[in-house]
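Hi,

Here is the structure I said I would pass on. Have a look at it first, and my notes on what turned up follow underneath.

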Amino acid sequence: KGLPYMPSFVVGSVMQNLKAKDIMQPEETVTYLTLNSTYGEAKEFTKAGRFCNYNFPLVENSDNMMLLGTVKRSELVKLLRSAKKQEKLVTEETRRAEEAHYNKESEIIIPDDI
């Protein structure tokens, strides 16, 4: 009971007679992403979701909770890693550009006729 995902059932098992309310979490305890979720929220979401082979809900927003689809935790982790790598590249490029600009400004130019 209170599972954050729908378990697989064996055909003909007694569990097939269970109702959704018997195994699903109440809405207020469901973890979900929205279209406006931030990188930090998504990262926290993956930490909270310990069931790595399951899909998690993606909703339009917290007000209407319209289900748009699901996201596999493994795919979300890949996306977050990719975003982190991209952020590191941009940060490094910015650092190098600032360093080059600083070095250029600090050069002392001595005229040839001195």
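β2 and β3 pair in the antiparallel sense, over 5 bridges. One of the pairs to look for is Asn55, whose bridge partner in β3 is Lys72. Before you go further, bear in mind that this is a predicted model, so none of what follows comes from an experiment.

The other pairing runs the opposite way: β1 and β2 are parallel, over 2 bridges. Here Leu33 sits opposite Leu58 in β2, and Thr34 has Val59 in β2 as its bridge partner. Put together, the 3 strands make an open sheet in the order β1-β2-β3, with mixed pairing. β1 (33-34) and β3 are the edge strands, each pairing on one side only.

Thr34 is worth a click. This residue of strand β1 counts as buried, because its relative accessible area is 15% and the cut-off for buried is under 20%. Leaving out residues up to four places away in sequence, Thr34 touches Leu58, Val59, Glu60, Asn61 and Ser62.

Now for the loop between β2 (55-59) and β3 (67-72), where you will find Met65. What is odd about the backbone of Met65? Its phi is positive, about 55 degrees, although Met65 is not a glycine. As for its surroundings, Met65 is partly exposed, with a relative accessible area of 23%.

Met66 is in the loop between β2 and β3 too. At 46% relative accessibility, Met66 counts as partly exposed, since that class covers what lies between buried, under 20%, and exposed, over 50%. Setting aside neighbours within four places in sequence, Met66 is in contact with Leu58, Val59 and Glu60. Those three residues also appear among the contacts of Thr34. How far apart are Met66 and Thr34, in sequence and in space? They are separated by 32 residues along the chain, and by 9.5 Å from C-alpha to C-alpha.

Met66 turns up once more on the surface. Together with Leu35 and Leu68, Met66 makes a nonpolar patch of about 300 Å².

Last, the inside. Which residues make up the largest nonpolar core? There are 6 of them: Leu33, Ala42, Phe45, Phe56, Leu76 and Leu80. Both α2 (39-48) and α3 (73-106) supply at least two residues of this core. Leu33 is the one you have already met in the sheet, opposite Leu58. If you want a single residue to start from, try Leu80: not counting residues up to four places away in sequence, Leu80 touches Tyr39, Ala42, Lys43 and Thr46. Of these, Ala42 is listed in the core as well.

If you open just two views, I would pick the sheet, with its β1-β2-β3 order, and the loop that holds Met65 with its positive phi.

Cheers

Key: Residues numbered from 1 in each chain as written. Predicted model: local features only at pLDDT ≥ 70, side-chain atom pairs only at ≥ 80, totals over all residues. Heavy atoms only, no water. Helix = DSSP H or I, 4+ residues; strand = E, 2+ residues; numbered from the N terminus. Buried < 20%, exposed > 50% of the residue type's maximum accessible area, 1.4 Å probe, protein only. Patch = residues over 30% accessible without salt bridge, like charges linked within 9 Å, V, L, I, M, F, W, Y side chains within 5 Å. Areas by Shrake-Rupley, 256 points an atom, 1.4 Å probe, with all protein chains shown as cover. Salt bridge = Lys/Arg side-chain N within 4 Å of Asp/Glu carboxyl O. Contact = heavy atoms within 4.5 Å. Pairing = 2+ DSSP bridges. Core = buried A, V, L, I, M, F, W, Y, C linked by side-chain atoms within 4.5 Å.
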